[in-house]
Amino acid sequence: MSYSLSAKNRHTAWSGFLPAQALVMVSDRLCQSTDSFSARDGVAPVADGESLTAIATEVLGGREPAACAAGTGGCVACGLAATRQTIVFGEGSPRARLVFVGEGPGEQEDREARPFVGKAGQLLTRMIEAMGLRREDVYICNVVKCRPPGNRNPEPAEVAACSPFLHRQLAALRPEVIVALGKFATQTLLQTEEGIMRLRGKFIEYRGIPVMPTFHPSYLLRTPDAKREAWDDLKQVAARLGLAIPVRA
Ligand code: SF4
């Protein structure tokens, strides 16, 4: 595996993205790496007999996400049920080798019932693509499934109420690697009070699965200089998964 990004390209890797010339060059690699990346056919997607669908049905009460507005249906285990428009359960491949865990839905995510679709989500998509993957190859979810009003931080009681769903999702997915995006995902998965600055950049085990804590894309939008460190973290993840990082022109 070769990481041939120049220092300049590393720094700007997620701002534009790949030039057209590189996209053509990379397309074959993407197919190869994606094929092997997704090759989990025949592997049961659950560890404990529970499927993602069953967990989603429980969280959503068997309804569509948009039919769960303001606690009219679906989970009401914490106060966030009262102000949500939808429940954002998560999305991606049920056979994903790599799972990204964020904090909670924002305004746009709450509207669309999809995780990471706003500006931070667009950056996350570029981060995934920089690793030589497509968004649909991975699975993306959050610690809390309902939007904290005004995008405030989730409160401890909300994390406590919702995180069992996350643990069950991860047990059903059984990924090879988890990327914890930001403080709340990291602290929830690793049961620690340590900050993301101290924890990022090294694998820490969660129920037998290596977790790479790194910066949340929202933080990267506010602090572009931190992209280089986040990219270093993702390169470690790619190496762990045996992925070939696309070469840029
Ligand atoms: S945030 Fe989680 S625990 Fe709280 S109401 Fe939504 S789904 Fe239920």
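Tutor: Let's begin with a sorting rule: Ala, Val, Leu, Ile, Met, Phe, Trp, Tyr, Cys and Pro count as nonpolar, Asp, Glu, Lys and Arg as charged, and the others, Gly among them, as polar. The model is predicted, so local features need pLDDT of at least 70, side-chain atom pairs count only at pLDDT 80 or more, and totals for chains, interfaces and linings use all residues. Residues are numbered from 1 along each chain as its sequence is written.

Student: How do the residues of the shell around the ligand divide into nonpolar, polar and charged?

Tutor: The ligand is surrounded by 14 residues, a residue being near if its C-beta atom, placed from the backbone, lies within 6 Å. By class, the shell has two charged, no polar and twelve nonpolar.

Student: Which helix gives the most to that shell?

Tutor: Helices (H or I, at least four residues) and strands (E, at least two) are DSSP runs, numbered from the N terminus. With three residues in the shell, the top contributor is the helix spanning residues 156-173, α6.

Student: Where in α6 does the kink lie?

Tutor: The bend at a residue is the angle between axes fitted to the seven residues ending there and the seven starting there. In α6 a kink of about 40° comes shortly before the proline P164. One of the residues closest to the ligand marks the spot: C162.

Student: And which strand pairs with β3 in the parallel sense?

Tutor: Strands pair if DSSP finds at least two bridges between them. Strand β1 (residues 91-92) runs antiparallel to β3, with two bridges. G102 stands opposite N142 in β3, and the parallel partner, over four bridges, is β2.
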